[in-house]
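Reader: I am new to protein structures, and I would like to learn how to read one feature at a time. Could you take me through an example slowly?

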Amino acid sequence: PAVALVVSGGHTMLIHLRSFGHYKLCGKTRDDAAGEAFDKVAKMIGLPYPGGPEIDKLASGGDRRCYDFPRSMLHSAEHDFSFSGLKTAVLYTLDKVDQSIEDVRPDLCASFQEAVIDVLASKSIRLTKQLNESRLAVSGGVSCNRRLREVFTERCAAEGLELLIAPPALSTDNAAMIAYVASQKYMLGESTPFEDDVHP
């Protein structure tokens, strides 16, 4: 049993995992997924695709407090997310700054990244505590982000929660996660005849 944050280019979801195959969707993004927001902001500031790793790299040399970007829905009682307002705030900020200045892009990346991670961590931990769970699982491509791992590790430790997070090499789409699901289904006696069509 755990609360799971699935955070990638296509998904930002909070799920209550009761046991294998028994899940309840508690919250999701109302617009862009977190990874999608990373990619779009990276494109705005001229970084290559995929943008998440590029922002992660640049942010390591930036000031996280330089730009006070919004934390949408941070204090909402709902468990949903929204990143479109943050993306717009970055766009408006870009109109006012000179990106040719050496520190501007690292500061923008660090401040943007911190806003996303603050919301993800705060809402995930809040839901975990509300549901009286002791574990928080984080998965998906965005979970490779170094600052995200640092923040979740620190905040979960402070709240007495166990953090479940795979190594970066297993945090993006891979065969191991598909094989794991297949093995769990097999142990539960679930199978499909080989002659059946594939229904993704």
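Author: What follows is a conversation about helices, the nonpolar core and charged side chains. Please keep in mind throughout that this is a predicted model.

Reader: Let me begin with the helices. What span should the 27 residues of α4 have, and how far apart are its end C-alpha atoms?

Author: The idea is to allow 1.5 Å a residue, and because α4 has 27 residues it should span 39 Å, which agrees with the 39 Å between its end C-alpha atoms. The 13 residues of helix α6, residues 175-187, can be treated in the same way, with an expected span of 18 Å and end C-alpha atoms 18 Å apart, so here too the two values agree.

Reader: What is found at the ends of these helices?

Author: At the N-terminal end of α6, N174 acts as a cap, with a side-chain oxygen 3.0 Å from the backbone nitrogen of A176. After α6 comes G189, which has a positive phi near 85°. Just after α4, it is N132 that takes a positive phi, of about 55°.

Reader: Is α4 mostly covered or mostly open?

Author: A residue counts as buried when its relative accessible area is under 20%. By that test α4 is mostly covered, since 23 of its 27 residues are buried.

Reader: Which residues touch the most other members of the largest nonpolar core?

Author: That core has 43 residues, and F69, F112 and L120 are the ones that touch the most other members. At least two residues of the core come from each of β1, α1, α2, α3, α4, β4 and α5, and α4 gives the most, with 13 residues. If we leave out residues up to four places away in sequence, F112 touches A37, F38, V41, I55, F69, L86 and V90.

Reader: Now the charges. How many salt bridges does the structure hold?

Author: The structure holds 15 salt bridges, and it helps to ask of each one where its two partners sit along the chain. The side chains of R30 and D80 meet in one of them, at 3.1 Å from N to O. This pair links distant parts of the chain, 50 residues apart, with R30 in the loop between β3 and α1 and D80 in the loop between α2 and α3. D80 counts as buried because its relative accessibility is 15%.

Reader: Where do K57 and E54 lie?

Author: Both K57 and E54 are in helix α2, three residues apart, which is about one turn of the helix. They form a salt bridge whose closest N and O atoms are 3.5 Å apart, and E54 is partly exposed, with a relative accessible area of 22%.

Reader: Which residue forms a salt bridge with D118?

Author: D118 pairs with R71, and their closest N and O atoms are 3.0 Å apart. The two are 47 residues apart and link distant parts of the chain, D118 being in helix α4 and R71 in the loop between α2 and α3. D118 is buried at a relative accessible area of 15%, whereas R71 is partly exposed at 25%. Elsewhere, salt bridges with shared partners join D32, E36, K40 and K87 into one network.

Reader: Which side chain of opposite charge is nearest to E133?

Author: The nearest is R135, 5.6 Å away, and E133 has no salt bridge although E133 is buried. A salt bridge needs the nitrogen and oxygen within 4 Å. E133 is found in the loop between α4 and β4, and, leaving aside neighbours within four places in sequence, E133 is in contact with P1, A2, V3, H16, T128 and L161.

Key:
Residues numbered from 1 in each chain as written. Predicted model: local features only at pLDDT ≥ 70, side-chain atom pairs only at ≥ 80, totals over all residues. Heavy atoms only, no water. Helix = DSSP H or I, 4+ residues; strand = E, 2+ residues; numbered from the N terminus. Buried < 20%, exposed > 50% of the residue type's maximum accessible area, 1.4 Å probe, protein only. Lys, Arg positive; Asp, Glu negative; His and termini not counted. Contact = heavy atoms within 4.5 Å. Expected span 1.5 Å × (residues − 1). Polar contact = N/O pair within 3.5 Å; in protein donor to acceptor, adjacent residues only side chain to side chain. Core = buried A, V, L, I, M, F, W, Y, C linked by side-chain atoms within 4.5 Å.
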